[in-house]
Amino acid sequence: MTKTLLISLLSVLFLLAMLPLEAVQAGDPTINGAGATFPYPLYSQWAYKYNQITGMKLNYQSIGSGGGIQQIKAKTVDFGASDAPLKAEELATAGLIQFPMIMGGVVPVVNVKGITGGQLKLDGETIANIYLGKITRWDDAAIKALNPGLNLPNQAIAVVRRSDGSGTTWIFTNYLAGVSSEWKEKVGADKSVAWPVGNGGKGNEGVSAYVQQLPGSIGYVEYAYALQNKMSYVQLKNKDGNYVSPSKETFMAAAANADWNNAPGYYLVLVNQPGKESWPIAGASFILVYKEQTDENKAKLMLNFFDWCFSHGAEQAIALDYVPMPENVIKMVRDTWKKDIRCQGKPVWK
Amino acid sequence: MEIGLQKANSKGSYRGDRLFRRLALCCALTIPLLMIGIVFELVRNSRLSLAQFGFGFLTSKAWNPVTQDFGALSSMYGTAVSTLIAMLIALPLGFVIALFLVELAPPRLSAFFGSAIELLAAIPSIIYGMWGLFVFAPFMSNFVQPLLGKYLDFLPLFQGPPLGIGMLTAGIILAFMILPYISSVTRDVFQMVPPVVKESAYGIGATNWEVTKAVTMRYSLRGMVGAAFLALGRALGETMAVTFVIGNNHQIAASLFASGNSIASTLANEFTEASDPIYLSALVELGLVLFLITFVFQAAAQLWLWSIKKKLA
């Protein structure tokens with residue numbers, strides 16, 4: 001009996017002795033980040049590639065934007081990532097800066113018999129009325145008026161939306177609030193809202209599964225999901241009155257035409273942006289870092305990585321159906337680094 | 001816990017026993033400590049919401065992150081209804097399966113079914129969820145719900161469009177998930193009934209059913225109730241599978257075809273992206289509510305068992 005006890009005690013001691021070792025290893029130049037799930041596949045791809053080139057390790061935990069914001073505020077990570085930008089005041093109080101890293105677009109998709117991808121045309125007000133529960137059938141006069149050539153069935157519309165809090169919903173509801181004052185008043189825009197109608201699917205995969213299963217449904221998903229599942233996307237009328245299809249080019253047009261110069265802290269919602277080619281529901285995913293860095297070496301490593309992503313990461317981003325930031329925005333971000341990120345008073349990025 | 005035998009042992013091993021007893025006590029103490037810790041943390045982190053909504057949290061149907069108005073009623077309702085459906089299906093089915101395995105099936109078949117049940121219990125809940133969404137929900141919407149709607153549509157329970165997802169589907173998936181627990185635990189307790197008692201019952205000419213009713217079930221009552229509550233606990237707290245198929249709508253609808261939500265599914269859906277303090281706090285309070293519901297059920301089960309034991313003795 002005593003012997004077994006002794007052995008178990010010894011093994012516990014041994015395990016305890018292992019712990020500090022682990023901690024020491026974590027002290028290597030590893031950059032830690034946490035946050036949004038949407039860009040996770042891309043960030044880990046970039047980190048893998050960058051690690052092969054430079055040996056730097058990036059540990060990114062996709063715990064959700066809310067978690068990422070909390071972690072960076074608690075200073076447990078070197079950078080946070082959020083799908084929705086923080087307001088300038090919130091950034092200032094926390095001593096953080098943010099910059100857009102990568103973009104995606106939100107695409108309305110439908111499952112209506114006889115209608116294939118890109119055939120159906122909708123405008124913002126009609127979509128808002130569908131999501132408000134005011135338009136309930138596919139052969140409603142408002143939809144017919146936008147699609148004179150299409151044979152729309154006399155079928156109920158099954159509204160599908162996200163059930164979980166998400167950056168996708170944040171972008172989509174911001175779009176609805178932008179195009180419909182009634183939506184703005186009754187529902188508002190947030191990562192999750194009190195939806196007037198519809199069923200909620202968990203994640204993009206849940207929404208696309210619901211849309212594919214429910215006849216007569218309409219939902220909204222990330223561009224990559226619409227593409228990979230070959231879903232019937234909708235053409236949307238943009239701010240300039242043009243009908244556009246979702247694509248890398250129309251998302252980039254929205255970002256390039258957006259007025260970043262007058263958006264303090266890059267707080268910009270990429271919905272209803274001007275431009276002939278601009279897709280009206282796009283959004284950027286943001287990185288949050290401290291203005292005042294404590295470890296110059298680490299700060300440099302981190303910015304080097306982001307810099308490499310901007311200059312060499314576009315190809316991988318496109319391969320994974322993300323949309324790289326346009327050149328003019330990247331230039332602004334680099335200027336922001338130069339101007340704002342400091343370590344003991346000295347700029348970190350030159 | 002004094003055991004007389006200890007005194008006969010040599011001094012060395014007596015000390016060892018004492019040490020072992022203390023160690024075991026320390027290990028056992030982690031359970032109440034964990035429980036107290038969880039309650040403490042839940043209350044601490046939900047104090048914002050407790051202060052703002054008070055008792056009204058339990059009676060309010062509101063759930064609006066934009067206006068920051070939160071209530072638990074629709075989630076509590078969904079948890080209760082989905083669990084009830086699951087228990088109504090799984091309890092009788094599970095007991096009958098166990099009876100079949102112990103009393104009626106040939107030993108080989110019984111062994112085969114037994115391992116199949118254990119295999120089912122080991123399937124992760126996300127698999128049930130995916131299967132429920134991609135396979136079972138279309139089946140429900142194409143066959144089961146139209147059939148129920150056709151013959152039972154005078155009941156408000158079975159009205160509305162057959163979407164395939166919703167409260168009924170969630171309840172049935174839950175039933176599949178708790179069935180292995182009920183049947184495997186019940187099978188084990190049925191097997192513990194002393195054969196000699198059963199044989200004497202058969203000896204005086206009792207039928208299979210009479211033996212089951214008067215001997216097996218009577219002997220196993222405690223175990224059966226235990227199995228039921230194990231299953232209930234799992235059904236109340238089940239998260240992923242329910243989230244996939246319940247439709248995730250903060251509403252209370254009479255129809256079982258309509259979508260709803262449960263406490264666990266709300267937490268799974270909204271926890272990651274909730275960054276407002278009051279929102280987060282309301283979610284933690286939902287967790288507290290679930291904890292209390294489970295606790296009340298467990299306590300009631302213990303009390304009930306205790307009263308039965310007294311009656312039987």
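**Salt bridges, aromatic pairs and the chain interface**

A:E182 has a relative accessibility of 23% and therefore counts as partly exposed. This residue belongs to a predicted model, and it makes a convenient starting point for a walk through the charged pairs. A:E182 forms a salt bridge with A:K186, in which the closest N and O atoms are 2.8 Å apart. Both residues sit in helix 8 (residues 181–186) of chain A, where a spacing of 4 residues corresponds to about one turn of the helix. The partner A:K186 has a relative accessibility of 57%, so it counts as exposed.

A second salt bridge links A:R334 and A:D307, with 2.6 Å between the closest N and O atoms. Because A:R334 lies in helix 14 (residues 327–340) of chain A and A:D307 in helix 12 of chain A, this pair ties together parts that are 27 residues apart in sequence. A:R334 is partly exposed, given its relative accessible area of 25%, while A:D307, at 18%, is buried. Returning to helix 8, salt bridges that share partners join A:E182 and A:K186 with A:K134 into one network.

Over all chains, the count comes to 14 salt bridges. One of them pairs A:D78 with A:K298, the closest N and O atoms being 3.5 Å apart. A:D78 is placed in the loop between helix 3 (65–73) and strand 3 of chain A, and A:K298 in helix 12 of chain A, so the salt bridge ties together parts that are 220 residues apart in sequence. With a relative accessibility of 18%, A:D78 counts as buried; A:K298, with 27%, counts as partly exposed.

Attention now turns to the aromatic residues. A search of the whole structure gives 36 aromatic pairs over all chains. In one of these, the ring centres of A:F79 and A:F306 are 5.2 Å apart and the planes stand at 80 degrees, so the pair is edge-to-face. Since A:F79 lies in strand 3 (residues 79–82) of chain A and A:F306 in helix 12 (residues 296–312) of chain A, the contact ties together parts that are 227 residues apart in sequence. A:F79 has a relative accessibility of 1% and so counts as buried; A:F306 is buried too, with a relative accessible area of 2%. Another edge-to-face pair is formed by A:F251 and A:W279, with 6.2 Å from centre to centre and 70 degrees between the planes. Here A:F251 lies in helix 11 (residues 248–257) of chain A and A:W279 in the loop between helix 11 and strand 12 (282–290) of chain A, so the pair ties together parts that are 28 residues apart in sequence. A:F251 and A:W279 are both buried.

Helix 5 (residues 124–132) of chain A has 8 of its 9 residues buried, so this helix is largely enclosed by the rest of the structure. Among those buried residues are A:I127, A:I130 and A:L132. A:T126 is placed in this helix as well, and its relative accessibility of 6% is why it counts as buried. The side chain of A:T126 makes a polar contact of 2.4 Å with that of A:D123. Beyond its neighbours within four places in sequence, A:T126 is in contact with A:I135, A:A142, A:I143 and A:L146. The helix is followed by A:G133, which has a positive phi near 85 degrees.

Chain B, in turn, has 12 helices and 2 strands. Its C-alpha atoms fill a box of roughly 70 × 55 × 35 Å along the principal axes. Of its 313 residues, 42% are buried. Among contacts in chain B between residues at least 6 apart in sequence, 72% join residues at least 24 apart.

Where chain B meets chain A, the contact takes 32 residues from chain B and 29 residues from chain A. The buried area between them is about 2500 Å², and carbon and sulfur atoms give 55% of it. On the chain B side, B:V66, B:L163 and B:E273 lose the most area to chain A, together 24% of what that side buries. Across this interface there are 0 salt bridges, whereas 12 residue pairs are in polar contact. Elements giving two or more residues to this side of chain B include helix 2 (11–45), helix 6 (125–152) and helix 12 (277–312). Helix 2 of chain B gives the most, with 5 residues. By residue type, the side of chain B that touches chain A divides into 19 nonpolar, 10 polar and 3 charged residues.

Terms used
Residues are numbered from 1 along each chain as its sequence is written. Chains are lettered from A and ligands numbered from 1 in the order in which they are written. Side-chain values use heavy atoms; hydrogens and water are left out. Contact means heavy atoms within 4.5 Å. Buried area is the accessible area (1.4 Å probe) that two parts lose on being put together, summed over both. A salt bridge is a side-chain nitrogen of Lys or Arg within 4 Å of a carboxyl oxygen of Asp or Glu. A polar contact is a pair of N or O atoms within 3.5 Å; within protein, one must be able to donate a hydrogen and the other to accept it, and residues adjacent in sequence count only if both atoms are side-chain atoms. Ala, Val, Leu, Ile, Met, Phe, Trp, Tyr, Cys and Pro count as nonpolar, Asp, Glu, Lys and Arg as charged, and the others, Gly among them, as polar. Rings of Phe, Tyr and Trp (its six-membered ring) pair if their centres lie within 6.5 Å; planes under 30 degrees apart count as stacked, over 60 as edge-to-face and the rest as tilted. Buried means under 20% relative accessible area, exposed over 50%, partly exposed in between (1.4 Å probe, protein chains only).
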